[in-house]
Amino acid sequence: MGRRKLKMERIEDKSSRQVTFSKRRNGLFKKAKELSVLCDLDIALVIYSSPGKLYQYCSTHRMNKILQRYHNHPAAKDTSPSTQQDEYSSFLSCEELLQTVDRKLGEPSSDDLTVKDFMHLQKQFETALMQTRETKTRLLLKSISSLEEQEKLLEEEKMVLQGKVNESKRKKKRKRVAIDLNSIPTTE
């Protein structure tokens, strides 16, 4: 059966689209690996699927090193990332680490991994876990201080409102007294 020419448009059938994505993704990874070996290149390939799942390939063991080289390159200076992306870049590296381990352990060659490789992966996990805990702690402390400030403002507002209520009660008492004095029958 020969190949048929496909129109370059979105595949409507969800299962067909997923199968095509998987096949083409694996083909792209294979081509990147071949290009890296044949031409002695450093290649980093990052793919996000439509549900947001990350797939990556790196010809070296250091994806961050290649991405840093890219960001430092003069041609990449025009497309500088926003500060919000920088704030969440540590989360992405943790996710990348999980994806890499998942991919390495899912490969048939995962039996070839040495104890040293597993120790390296464990150290990377511990570092990622420490970064995640530090970020969580920092965000919790920021949230707590924000809530404490909000509590102070609410206490001040409560005091102001309580003062208005007390003043209103005093005015009502004066009116009652005035009403009570006026309602006394006169003797004539």
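## Pocket, ring pairs and salt bridges

The largest share of the lining of the second largest pocket, eight residues, is supplied by helix α1. The structure is a predicted model. The volume of this second largest pocket is about 840 Å³. Its lining consists of 22 residues, and those nearest the centre are Ile 11, Arg 17, Thr 20, Phe 21 and Arg 24. By character, the lining residues of the second largest pocket divide into nine charged, eight nonpolar and five polar.

**Aromatic pairs**

A pair of aromatic rings is described by the distance of the centres and the angle of the planes. The count for this model comes to two aromatic pairs. Phe 21 and Tyr 55 form an edge-to-face pair, with 5.6 Å from centre to centre and 65° between the planes. This pair links distant parts of the chain, since Phe 21 belongs to helix α1 (residues 14–39) and Tyr 55 to strand β2 (residues 54–58), 34 residues apart. Phe 21 is partly exposed, with a relative accessible area of 23%, whereas Tyr 55 is buried, with a value of 16%.

The other pair is formed by Phe 29 and Tyr 57; the ring centres are 6.3 Å apart and the planes stand at 35°, so this pair is tilted. Here too distant parts of the chain are linked: Phe 29 lies in helix α1 and Tyr 57 in strand β2, 28 residues apart. Phe 29 has a relative accessible area of 12% and is therefore buried, the limit being under 20%. Tyr 57, at 13%, also counts as buried.

The ring of Tyr 55 has a further partner: the charged end of Arg 25 sits over this ring, 4.1 Å from its centre.

**Salt bridges**

The model contains three salt bridges, listed below.

| Residues | Distance, N to O |
|---|---|
| Arg 10 and Glu 12 | 3.6 Å |
| Arg 69 and Asp 42 | 2.8 Å |
| Lys 171 and Glu 167 | 3.8 Å |

Arg 69 lies in helix α2 (residues 63–72) and Asp 42 in the loop between α1 and β1 (44–48), so their salt bridge ties together parts that are 27 residues apart in sequence. Arg 69 is exposed, at 53% relative accessible area, while Asp 42 is partly exposed, at 42%.

Lys 171 and Glu 167 both lie in helix α5 (residues 115–182), four residues apart, which is about one turn of the helix. Lys 171 is partly exposed, with a relative accessible area of 45%, and Glu 167 is likewise partly exposed, at 40%. Arg 10 and Glu 12 are both exposed.

Key
Residues numbered from 1 in each chain as written. Predicted model: local features only at pLDDT ≥ 70, side-chain atom pairs only at ≥ 80, totals over all residues. Heavy atoms only, no water. Phe/Tyr/Trp six-rings, centres within 6.5 Å; stacked < 30°, edge-to-face > 60°. Helix = DSSP H or I, 4+ residues; strand = E, 2+ residues; numbered from the N terminus. Buried < 20%, exposed > 50% of the residue type's maximum accessible area, 1.4 Å probe, protein only. Lys NZ or Arg CZ within 6 Å of the ring centre and 35° of its normal. 1 Å grid on protein atoms, 1.4 Å probe; cavity = no way out; pocket = protein on both sides within 12 Å on 5 of 7 lines; lining within 4 Å. Points joined across faces, edges and corners; volume = space filled by probe spheres on them. Nonpolar A, V, L, I, M, F, W, Y, C, P; charged D, E, K, R; others polar. Salt bridge = Lys/Arg side-chain N within 4 Å of Asp/Glu carboxyl O.
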